[in-house]
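Subject: A structure for you to look through

Dear colleague,

I am handing over a structure that I would like you to open and look at before you read any further. Please keep it in view while you go through my notes.

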Amino acid sequence: MKKLVTAALCALLVSSAPVFTVNTFASDAKPKFIAQLPNPFIECTTIEDAQKNAGFEITLPKSIPEGFKEEVIQAIKGDLIDVIYKSTDNELRIRKCLGLEDCSGNYFDYKQMVKVKINDEDAILKCKNGKAYVAVWNDGTYSYSISVDDQSSGLDQSVMTALMRELQ
């Protein structure tokens with residue numbers, strides 16, 4: 001009888017083992033938190049709002065190429081004004097920021113760099129296949145940039161330099 005009870009208990013334990021199994025992987029797993037920086041951009045409805053948030057003024061070019069429409073105005077408090085114009089297949093971004101750093105946000109490696117003078121300041125056009133994609137310069141207090149989508153056909157260098165002369 002002892003053997004029969006032992007066999008029955010063993011059978012019960014073996015058959016119920018999956019019910020009582022503890023998944024140690026789930027209890028040992030640590031939650032994964034992904035830290036994200038908050039978006040520093042403040043959406044603005046007007047240039048005046050952007051200027052108020054940035055703490056300085058901007059004079060935008062009047063000679064925006066045909067087909068581009070102002071879509072987005074934003075600022076980073078005390079630091080930057082960003083205006084984005086869009087066309088059906090391109091994006092034109094104009095930025096002004098406090099300081100002397102490149103504020104374009106475009107860090108592609110352009111093989112062709114063209115030095116130009118804009119309002120007595122040295123400036124750089126970053127080009128590909130003779131077309132301008134990024135322009136960067138500073139006036140000793142503010143940095144400026146004008147850029148177009150890297151996947152676009154770029155802008156003629158004369159169009160880019162005309163925009164640069166108007167931006168202040």
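What follows is an account of what was found, beginning with the whole chain and then turning to its parts.

Please keep in mind throughout that this is a predicted model. The chain contains four helices and eight strands, and when they are read from the N terminus on, these elements follow the order α-α-β-α-β-β-β-β-β-β-β-α. Of its 168 residues, 38% count as buried, and the chain exposes about 11100 Å², with carbon and sulfur atoms supplying 57% of that area. Among the contacts with a separation of 6 or more, 50% are between residues that lie 24 or more positions apart.

How are the eight strands ordered in the sheet? They form an open sheet in the order E1-E2-E3-E4-E8-E7-E6-E5, and the pairing is antiparallel. The edge strands are E1 (41-44) and E5 (112-118), each of which pairs on one side only. Neighbouring strands of this sheet are turned against each other by 20 degrees on average, if direction is ignored.

You may like to start at the E1 edge, where E1 pairs with E2 (residues 69-76) in the antiparallel sense over four bridges, and where Phe 41 stands opposite Ile 76 in E2. Helix H3 (residues 47-54) lies across E1, E2 and E3, and runs at about 20 degrees to E2. Helix H4 (residues 157-166) also packs on the sheet, where it touches E4, E5, E6 (121-128), E7 and E8, and its direction makes about 40 degrees with that of E5.

Strand E4 deserves a careful look. Six of the eight residues of E4 (residues 91-98) are buried, and therefore this strand is largely enclosed by the rest of the structure. On one hand, E4 pairs with E3 (residues 80-86) in the antiparallel sense over seven bridges, with Lys 96 in E4 as the bridge partner of Ile 81; on the other, E4 pairs with E8 (residues 142-148), again in the antiparallel sense and over seven bridges. Within this second pairing, Arg 95 stands opposite Ser 145, while Cys 97 stands opposite Ser 143.

E8 is mostly covered as well, since six of its seven residues are buried. Five bridges join E8 to E7 (residues 131-138), and these two strands run antiparallel, with Ala 135 having Ile 146 in E8 as its bridge partner. The hairpin of E7 and E8 has three residues between the strands, and in it Gly 140 takes a positive phi near 95 degrees.

The last place to visit is the hairpin that joins E3 to E4 through four residues, as the loop between these strands holds Asn 90. Is Asn 90 buried or exposed? Its relative accessible area is 10%, and because buried means under 20%, Asn 90 is buried. Leaving aside its neighbours within four places in sequence, Asn 90 is in contact with Phe 68, Tyr 85, Val 148, Asp 149 and Ser 152. With one of these residues, Ser 152, the contact includes a polar one between the two side chains, at 3.3 Å.

With best wishes

Terms used
Residues are numbered from 1 along each chain as its sequence is written. This is a predicted model: local features need pLDDT of at least 70, side-chain atom pairs count only at pLDDT 80 or more; totals for chains, interfaces and linings use all residues. Side-chain values use heavy atoms; hydrogens and water are left out. Buried means under 20% relative accessible area, exposed over 50%, partly exposed in between (1.4 Å probe, protein chains only). Two strands pair if DSSP finds at least two bridges between them. Contact means heavy atoms within 4.5 Å. Accessible areas come from the Shrake-Rupley method with a 1.4 Å probe; for residues, only the protein chains shown count as cover. A polar contact is a pair of N or O atoms within 3.5 Å; within protein, one must be able to donate a hydrogen and the other to accept it, and residues adjacent in sequence count only if both atoms are side-chain atoms. Axes are lines fitted to C-alpha atoms, for helices over the stretch in contact, and angles run from 0 to 180 degrees between N-to-C directions.
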